[in-house]
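Got the viewer open? Let's take a short walk through this one, picking out one thing at a time.

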Number of protein chains: 2
Amino acid sequence: MGEVRVINVNMGIFEKNDSVAAVNREKLRAEKTFMINLMASPGAGKTTTLLKTIELLPKDMKIGVMEADIDATIDAEKINAAGVRSIQVHTNGNCAMDAEMTRQALEEFETSDLDLLVMENVGNLVCPAETDTGSSINVAILSIPEGDDKPLKYPLMFQICHCVLINKIDTREYFDFDDAAAVERIKFCNPEAEVFFICAKTGEGMGAWVEWLRQRMAEWTR
Amino acid sequence: MGEVRVINVNMGIFEKNDSVAAVNREKLRAEKTFMINLMASPGAGKTTTLLKTIELLPKDMKIGVMEADIDATIDAEKINAAGVRSIQVHTNGNCAMDAEMTRQALEEFETSDLDLLVMENVGNLVCPAETDTGSSINVAILSIPEGDDKPLKYPLMFQICHCVLINKIDTREYFDFDDAAAVERIKFCNPEAEVFFICAKTGEGMGAWVEWLRQRMAEWTR
């Protein structure tokens, strides 16, 4: 796949985030490209979940990945190594992608032939929740080692997510994580959020999430 | 210890963060109160590390804890339950404490009789690194489940930290975490950073960190 491309994007100067997000969303809808804004704490398993998800999707689905980070290119390299088209977006120190940054990245990346575009946002449970990017859906990953109390502390993230993946369930015995409490706290933030328990490393529970995703994609591009 | 006190603080309007931080630092130095700005991703184990650290410090040391979160009071409740004076600071949606927010919290908390004040910052590897609070030292926790690549992705956090605690070493067998690579990457960001491997849950490795902390406290209040 050659070298990783790096794009440096800058935050929108004007307070027009929602209108730029709407433009991004319409552009993607017109192109029939479904975009996921994938968010989580650092180290929750975004890249691993993404790679396993791609593995389970049909081989003829055209997929692209935008890796947003403050620095480094290791995530885009990993995705590239798996044979998936990807670019690295550097956020110029910003703690999340906003709609204008996403617009710049979409322009560079050329998304028109893609069925699915995944934007892996900066690892952070606060800032990415505050700015709509224009994605078709928002997905958050919460990993078992982080604890079941995170929806209480970062409620906005769970409010704006259509789906929450509870990852690293293979490590349950090491951590005090109350599954029912976690689900209850997520549903308190957003009663309509779908919750799946997964282990991206082993693939456990990934089938149900991928099935749900494919249904959302089918509805969206209908 | 009674009910948890909650303080709502607002971000500084003026771009004077560094000068407000300097005022905070001088005030604390005059009071001989040593302040730690404790930072980490959500779920890295800040509260557990703090509780274990307090347990290992001399019983006659006067300690206070400020728990900064966007929402909830569970951390301050945990600290309170352990018999340690604590308050919950709500950041009004902000992703980190800045110097002005810290000044407001210090004013409310009355720190003059404290030997040690720990501010547990919002769980985030980006924003808290950007604003000096006036703390005596900055300490970051990186947990094994997050991965050894975090210093590459969030370099500023590791640049500004005097000490990095690599936590949850009891879970090593579950995660691919390269100790030497992590230390090398931290030292690349900041050659003078001290690194300790700990398990706050079991207490493993905590002695060396607490010893180092006591030395810093002794030097600072000399």
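Start small: select I36(A) and look across to strand 5 of chain A, where its bridge partner is V118(A). Keep in mind as you go that this is a predicted model.

Now widen the selection to the two strands around that pair. Strand 2 of chain A covers residues 34-40 and strand 5 of chain A covers residues 116-120; they run parallel, joined by 5 bridges.

Next, bring in the rest of the sheet in chain A. You should find 8 strands in an open sheet, with parallel pairing. Step across it in the order 1-4-3-5-2-6-7-8. Which strands sit at the edges? They are strand 1 (5-8) and strand 8 (194-197) of chain A, each of which pairs on one side only. As you step from one strand to the next, the twist averages 25°.

Time to show both chains. Rotate chain B by 180° with 0.0 Å of shift along the axis, and it superposes on chain A with an RMSD of 0.0 Å. The two copies are therefore related as by a two-fold rotation axis. Both copies use the same surface, too: 100% of the contact residues of chain B recur in chain A.

Last stop, the place where the chains meet. Select the 28 residues of chain B that are in contact with 28 residues of chain A. Which element of chain B gives the most to this side? Go to helix 6 of chain B (residues 150-153), which gives 3 residues. Then color the chain B side by residue type: 14 are nonpolar, 7 polar and 7 charged.

Conventions. Residues are numbered from 1 along each chain as its sequence is written. Chains are lettered from A and ligands numbered from 1 in the order in which they are written. This is a predicted model: local features need pLDDT of at least 70, side-chain atom pairs count only at pLDDT 80 or more; totals for chains, interfaces and linings use all residues. Two residues are in contact if their C-beta atoms, placed from the backbone, lie within 7 Å. Helices (H or I, at least four residues) and strands (E, at least two) are DSSP runs, numbered from the N terminus. Ala, Val, Leu, Ile, Met, Phe, Trp, Tyr, Cys and Pro count as nonpolar, Asp, Glu, Lys and Arg as charged, and the others, Gly among them, as polar. Copies are superposed by least squares on the C-alpha atoms of residues with pLDDT of at least 70 in both. Two strands pair if DSSP finds at least two bridges between them. Axes are lines fitted to C-alpha atoms, for helices over the stretch in contact, and angles run from 0 to 180 degrees between N-to-C directions.
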